[in-house]
Each structure stands twice: as structure tokens, then as C-alpha cells.
Amino acid sequence: MERKPPGPKSTTARAATGISPKLKHATSKSVPHPTRELKPPPGGAAVRMYRIGHGDCFLIAFAGENPERPSYVLIDCGYKPKSPDMIVPPTNVKAIGSDIIATTGGMVDVAIVTHEHQDHVNGFNAKNFPELKVGEVWFAWTENPDDDVANALRKKFNDRLLGLIDARFELGAAGSTEVSRDIDWYLEFELGEQAEGFNGLQHSAASGKDPSKSANKQAMEFLRNCAGGKSEYLYPHEKPRCVPGAKSARVYVLGPPRDPDKIDDLDPLGDEAFGEEHSTNHLGLDASAATGLAAPLVSSPFPRRYALPLGDAFTNASFGAFFREHYGQPGSVDLEPDDGSEVSAGPEWRRIDAHNVADPGTLALAMNNATNNASLVLAFELTKGGKVLLFVGDAQAGNWRSWSDKEFNDRGEAIAAKNLLGRTVLYKVGHHCSHNATLNGKLDSKHPNLAWMAQGAAGDEFVAMITAVEAWAHQKPKPDWNHPMPQIKAALLEKAGQRVLQTDTNLNSTAWRSFPGTVDEQPLWFDLTIEP
């Protein structure tokens, strides 16, 4: 039996038409409408999902301490180049920046960067946000310059990045091979480049460019400057934070995990997966299509605590003699066997070194995935014990699993991730609805998953928001991404009673049923009003 929300006479109209009578559809004009007030109800929230392209940009208005002004929270602002042109009508980031300035009066209480990827940050600059003022900027703990684990992760990433740039240099002229084109593609993503004719050679050592000053990093620095340098670094399972300027809204930090092994833990296992996952890599691509290679991406089955770096293995006090005897120290000369056999006593060829398997394409994919899995994951609670808005960035399997590692201490009360997900009425779908950014499962599964969300009354108004432009994602040969993954979208549509908003989809082409809230659709955005 189909659920019908409680309410006045308009409930009957909603049930009959499948669309709220307050719903407004996008016009065919390409010029966006003038901005509209984003006003939350008392104790509630209003969420503006900008149709920025294949990327994320959200403005949330929470009921404010000052009744005359909401608390404004801006989460990400980025897109993949050319993807806004594939929305009907087309949008552009400059118009979106202008709308954010006009809506907030040029003052955002909190600006949040979930992670350092082009499609989440490349909209942040002075051209799009002239004279923007920000109260605080929130980053994941992985950006904290005073955190030793974060610094080690950044060093690892930078080493990989430089290695990828060097590999691109070794391949020579731009576009000469499929592998070189793949590397250019992922370097553009990691560095945030979007100029015509970009290729990885433009960041080689000979170019004199410093990869640490990439476009992505400049965008993040722009936000810091807008906040006068005031940055907060959020840690998982810390005590609930008040949202600055909000009357009652708080935020629970679920991820990323402060464990490098879990950040490197990328893909769903067993019943965590939707559909046939064995044939796809972490971007939802066929493995051979992603790298130009026949073999899929393979990672070590062992946690890093059981591994020794090659440079340390041969001098290790416990195991060094074994490695020297059986695998040949780097730079050593193979010795003739003493027993007359044909095998050397210490053959270097027995080793399968990282450079033998970590081809440039695979390295690029691994870098991309690890950055996604370091996404800041936030559960916004409207009132104590009330409704929750879940924003997961591009968090992937290891990040998801870590949410239930600990409980939150809310003034002596233990709050579990399962409790927060059960009260979730809005889910910002992870990584454009790709295969490893929403976990499958059941209500009694040990790992967090879609089934944990929207229990009880929350299920009557659960809404999912997918930030995807299918026409852009399905282009061949690049990117040819499976965004959104059909199996996950189908599960979301079923769970949400068809209440799924997607960047490139107009409401008049969907089959919504008995939607209990108010949605306003305009060329630049979807507005969703959430009562407390």
C-alpha cells in the first residue's frame, strides 16, 4: 500500500497527481531566473542543490539564532568541464556563484570542502565569488598541517603525483598513446586543470610548475582567505558540533577514518555491492577501458602493517637475511648456484617490484580513488534527536565501514551511526552514484549501508540527490563512466518512493509519488524544504 503523508486537503491532490501542487518546473529559457530567498521553516532546513554539472554544489539554510537570518552552509562548488553545457537548459558556475552571493548577502557562515577534486572545488575563485565572506572553512583532518598521519598521507600522495608526472614525461608527446591520454585525463582531475590542450607534460620538472600549487589547492586557499585564514579540521566521531549561526542544527563527523588502511580500502565486498561489481573498477569503468590494459586493477590483499618497503626489506633485522638469500638485493649481481643447479642463489628476477605492476594508468586510478575515500562525511541533525541530512562527498567502501567503528558521546549519551542513518531524510548520494560509493546491505548488516537509512517516519519523506549529468558521463572514449549506476539508482528510487533528484533530470520527466515536502525547480537549482 502506498504511503500518504499526513496533512491538509493538498494531500489528496498530491496522491492523485504524484506531484506536489507547490512544485514548479524549469522553463525552457536558458537565462536563469533571478535568485529567490532560501528560507528554512522554524527548526528546519532548506537545501538548494545547484545544477552545476557533473559535480557538487549545495547551499543549506538552517533556522538561525537570529530569526531574521538563517545560518548558511555551503558544501563544495565544482564541476567537470563542459558538463554544465549538457544540462537542458545549460547552466554555468558564474551564475551559480552570483546566486549564492545574492542569496546569502555575500556572507556564508560555513564553507565546507569534502575533498580535493576538481568537480568539488574548481568553482571557488574570485571571479565566481567576488567579495565572498566566510565565517569558517571546514576541511577533513587529512588537510591538517599539524597532524602527523595527515602529513604522511600527503607525502604519499605527492610522491605518487610526481611519479605519475614523471611517467607521463617518459611517454613523450601529448596524445601519442592511449596510456598517455589516460594519464593526462587523471592529472587534469587531480590538479584541477581545465585549460584547452592540457597535458601532463605541462607539469613535468622541465616546466618549472609546482604541483603543490595546483588549481585545486588554489581554490581551497581562496576559501581560507575568504575566512581570514580561519580553518577547522574535523575528525571522525568527535563530539557533535554546533553549526555556527544555527539555532539548533548540529553536525556529526562520520569520516574519513583516521586509518590509512581504511582510506586505501576501496571496493565493496560480497553483499556490500550492488549488481555485478567484479567487472568494474572503482570508477564504475571496465578495467581495460580505464587503463588501456587487459588486466584489472589489483591491490595487495594484506594490510600495510604486514608489509615492508622494498628499500627496508633487505636490511631488516628479522627478515633481511631471508630476502637477500632468496630475492636478491637491489643492485646485486646474480651469483652462480653452488650446487650446480641452473638457478641463481639470489635471483633479482624473483621479485615482482611495484614498478612491474603499478603501471601509470593503475597508479592514476589508485590516486583518484584514495582522494575520494578521504572525503569528509557529515550528518547534519536539525534538532536533538531529530531529522538528519547526510552528505558523504565521494566516500567509498572503507570510509563507509568506518562510520560504525565508534559511537558519539553527546553529553554522556551514546549515539551510533546506525541511529543517525535511521533518522536520515536526505541523502546526498556518494560519487555521482558510482558503484563503490553507496553500500548495499540489510538492516541487520554489521556495516553501514543504504538499508540503515530512513527508518520509521523518516522513510515517508526520504529524498536522494544524485549529482550526475549522464550525457557527459557516458561520452566515449572518455570518460565513459557508469554514473549513475543503474542498480543503485533503482534501489534509491524504490527506497525513496521515486523521490530522487538528479542534476540533469527535470521533474516533469520523473514519476514522483506523494511527496510530503516542497520542491522548487529552476534552471539553476532544486530547492527542498525540510520541516523539523
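The following paragraphs lead from the chain as a whole to a helix, the nonpolar cores, the cysteines and several individual residues.

The structure is a predicted model. Its chain contains 16 helices and 17 strands. Of the 532 residues in the chain, 54% count as buried. The chain exposes about 23,100 Å², and carbon and sulfur atoms supply 54% of that area. Contacts often link distant parts of the sequence: among those between residues at least 6 apart, 70% join residues at least 24 apart.

Helix H2 is a suitable element with which to begin. Spanning residues 93-104, H2 has twelve residues. From its first C-alpha to its last, H2 reaches 16 Å, close to the 16 Å expected at 1.5 Å a residue. The helix is mostly covered, with nine of its twelve residues buried. These buried residues are Val93, Ala95, Ile96, Gly97, Asp99, Ile100, Ile101, Thr103 and Thr104. Their cover includes five strands: S1 (45-50), S2 (57-62), S3 (71-77), S4 (107-112) and S17 (525-530). At the N-terminal end of H2, Asn92 acts as a cap, with a side-chain oxygen 3.2 Å from the backbone nitrogen of Lys94. Just after the helix, Gly105 takes a positive phi of about 70°.

The nonpolar cores come next. In soluble globular proteins, nonpolar side chains tend to be buried together. In this model, the largest nonpolar core has 70 residues. Within this core, Ile60, Phe62, Leu254, Phe380, Leu389 and Leu492 touch the most other members. Leu492 illustrates such packing: leaving aside neighbours within four places in sequence, Leu492 is in contact with Tyr427, Val429, Cys433, Leu450, Ala464, Ile466 and Val500. Apart from the largest core lies another, of 35 residues, with Leu38, Leu132, Val137 and Phe139 among them.

The cysteines raise a separate matter. A disulfide is a covalent bond between the sulfur atoms of two cysteines. In this model the count of disulfides comes to zero. Why does Cys57 not form a bond with Cys77? The closest cysteine sulfur to that of Cys57 is the one in Cys77, but the two are 3.7 Å apart, which is too far for a bond, because the cut-off for a disulfide is 2.5 Å. Cys57 has 0% relative accessibility and therefore counts as buried. Cys226, at 12% relative accessibility, also counts as buried.

Some features of the backbone also deserve attention. Most residues other than glycine have a negative phi, and most peptide bonds are trans. In this model, the peptide bond from Lys476 to Pro477 is cis, with omega near 5°. A cis peptide bond also joins Lys478 and Pro479, where omega is about 0°. Pro477 is located in the loop between helix H15 (470-473) and helix H16 (486-495), and Pro479 lies in the loop between H15 and H16 as well.

Positive phi values are found in residues that are not glycine. His237 has a positive phi of about 65°, and this residue lies in the loop between strand S6 (231-234) and strand S7 (241-242). Phi of Arg411 is near 55°, and Arg411 belongs to the loop between strand S11 (408-410) and strand S12 (413-415). Are these two residues buried or exposed? His237 is buried, with a relative accessible area of 11%, whereas Arg411 is exposed, with a relative accessible area of 79%.

Two further loop residues show how buried polar side chains are accommodated by contacts in this model. Arg499 is placed in the loop between H16 and strand S15 (500-502). With a relative accessible area of 5%, Arg499 is buried. A polar atom of the Arg499 side chain lies 3.0 Å from the backbone oxygen of Phe462. The C-alpha atoms of Arg499 and Met465 are separated by 8.7 Å, although these residues are 34 residues apart along the chain.

Asn436 is found in the loop between strand S13 (424-428) and strand S14 (463-466). Its relative accessible area is 0%, so Asn436 is buried. The side chain of Asn436 makes a polar contact with the side chain of Asp267, at 3.1 Å. Another polar contact, at 3.2 Å, joins the side chain of Asn436 to that of Gln396.

Key
Residues numbered from 1 in each chain as written. Predicted model: local features only at pLDDT ≥ 70, side-chain atom pairs only at ≥ 80, totals over all residues. Heavy atoms only, no water. Helix = DSSP H or I, 4+ residues; strand = E, 2+ residues; numbered from the N terminus. Expected span 1.5 Å × (residues − 1). Buried < 20%, exposed > 50% of the residue type's maximum accessible area, 1.4 Å probe, protein only. Contact = heavy atoms within 4.5 Å. Polar contact = N/O pair within 3.5 Å; in protein donor to acceptor, adjacent residues only side chain to side chain. Core = buried A, V, L, I, M, F, W, Y, C linked by side-chain atoms within 4.5 Å. Areas by Shrake-Rupley, 256 points an atom, 1.4 Å probe, with all protein chains shown as cover.
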